[in-house]
Amino acid sequence: MKKLLPTSTAGSLPKPSWLAQPETLWSPWKLQDEGLLEGKYDALRLSLDDQLRAGIDIVSDGEQTRQHFVTTFIEHLNGVDFENRKVVKIRNRYDASVPTVVGEVSRQKPVFVEDAAYLRQLTKQPIKWALPGPMTMIDTLYDNHYKSREKLAWEFAKILNQEARELEAAGVDIIQFDEPAFNVFFDEVNDWGITALERATEGLKCETAVHICYGYGIKANTDWKKTLGSEWRQYEEAFPKLQKSSIDIISLECHNSLVPMDLLELIRGKKVMVGAIDVATNTIETAEEVANTLRKALQFVDADKLYPCTNCGMAPLSRQVATGKLRALNAGAEIIRREIEGL
Ligand SMILES: [Zn+2]
């Protein structure tokens, strides 16, 4: 992008209340069959419109066609039995009933490629598409087939690569892999997590991003954050290897978090999507608050590599709050653009 400090969101945005119950994760659809297909595309168009009106530069589908950022992708794969469920601890944090891997995993057909092509024809702005990362995928399943987290992650990476190549062909400019698990399983991240992520991006000519965060603003996550002490240094574990990786952009949680900003020095040279919007509160940031976070980040990220963003997805917020936050993000970025350009 030529524009300085191009804004974007981490991914999900709230769905209209006629499509799914608002402010709820895994919210069931309110429409069926043909009506649901049409409703999802209408919602995607509205979500795009909200982003464009708020001045967001790199737009997304707002994840309007998916129920959940990990589960929806897995639902489209062979080898996973959604009836046969087991209770596991997700990201060492909370118990959830999850599907079981019962055989070799494979992709039956493209999952999001038609949706991406639809978004592509609606706008000339750069578009970013989010997929779950391999490590985060395996962490939401019970594996009764491979019996190896690394092996299963590798199989998922190959599947993600097939999907990513087709998304690129459909005109997606940035493909982002969501890896909140990178903030939890540090040894695995360095042993094979980043290698699996690079396998997922193999052969891509578009830009690639990885989003690592402290999760949605749900209770399990906010309770976990309270146990992390006065400084959140989790990023320190994965950053050195990520800095050397082939991934172009790293998307992070920064605003209102206890992440020491100087950790960004560890990924110097990468483009950084700096989270300047807190998704765990309904309070809408002021433009100056956003600008403050961006100013702090600019000490460690070169201006031409800084991409103002949200800390995480905004699916669990109300549409009104999310739209207010999008506007604040753009207004805060504009303050810094003027400062840099000396206007
Ligand atoms: Zn996130």
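This is a short tour of selections to make in the viewer, with what each one shows. The model is predicted.

**Stop 1: helix H6**

Select residues 186–200, which form helix H6. Look for a kink of about 50 degrees, centred on Trp192. Now colour the buried residues of H6: Val189, Gly193, Ile194, Ala196, Leu197 and Ala200. What covers them? Bring up helix H4 (134–138) and helix H5 (149–169), both part of the cover. Add strand E5 (174–178) and strand E6 (207–212). Helix H8 (235–244) also belongs to the cover over the buried residues of H6.

**Stop 2: H6 against H8**

Keep H6 on screen with H8. The two axes come within 9 Å and cross at roughly 20 degrees. An angle under 35 degrees counts as roughly parallel, so H6 and H8 are roughly parallel to each other. The crossing of H6 and H8 is right-handed. Which residues of H6 meet H8? Show Phe186, Val189, Asn190 and Ile194 on the H6 side. On the H8 side, show Glu237, Ala238, Lys241 and Leu242. By class, this contact of H6 with H8 has five nonpolar residues, one polar and two charged. Val189 and Ile194 appear here and are also among the buried residues of H6.

**Stop 3: H1 against H3**

Move to helix H1, residues 33–53, and helix H3, residues 113–122. Their axes come within 11 Å and cross at roughly 45 degrees. That makes H1 oblique to H3. H1 and H3 cross in the right-handed sense. From H1, pick Tyr41, Leu44, Arg45 and Leu48. Their partners in H3 are Asp115, Tyr118, Leu119 and Leu122. The contact of H1 with H3 holds six nonpolar and two charged residues, and no polar ones.

**Stop 4: H9 against H10**

Next, select residues 287–297 for helix H9 and residues 319–341 for helix H10. The axes of H9 and H10 come within 7 Å and cross at roughly 55 degrees. H9 and H10 are therefore oblique to each other. Their crossing is right-handed. H9 brings Ala287, Val290, Ala291, Leu294 and Arg295 to the contact. H10 brings Ala328, Leu329, Ala331, Gly332, Ala333, Ile335 and Ile336. The contact of H9 with H10 divides into ten nonpolar residues, one polar and one charged.

**Stop 5: Arg338**

Stay in H10 and click Arg338. Is Arg338 buried or exposed? Arg338 counts as exposed, because 12 C-beta neighbours lie inside 10 Å. Now draw a distance from its C-alpha to that of Leu4. The two atoms are separated by 9.9 Å, although the residues are 334 apart along the chain.

**Stop 6: two positive phi values**

Most residues other than glycine have a negative phi. Two residues here do otherwise.

Go to Glu23, in the segment before H1. Phi of Glu23 is near 55 degrees, a positive value. Glu23 counts as partly exposed, because it has 15 C-beta neighbours inside 10 Å.

Then find Arg91. Where is Arg91 in the chain? Arg91 lies in the loop between strand E1 (77–90) and strand E2 (94–107). Its phi is near 45 degrees, again positive in a residue other than glycine. Arg91 is partly exposed, with 19 other C-beta atoms within 10 Å.

Conventions
Residues numbered from 1 in each chain as written. Predicted model: local features only at pLDDT ≥ 70, side-chain atom pairs only at ≥ 80, totals over all residues. Bend = angle between axes of the 7 residues up to and from the residue. Helix = DSSP H or I, 4+ residues; strand = E, 2+ residues; numbered from the N terminus. Buried ≥ 20, exposed ≤ 12 C-beta atoms within 10 Å, placed from the backbone. Contact = placed C-beta atoms within 7 Å. Axes fitted to C-alpha atoms, helices over the stretch in contact; angles between N-to-C directions. Parallel < 35°, antiparallel > 145°, perpendicular 65-115°, else oblique. Left-handed = near helix turned anticlockwise from the far one by under 90°. Nonpolar A, V, L, I, M, F, W, Y, C, P; charged D, E, K, R; others polar.
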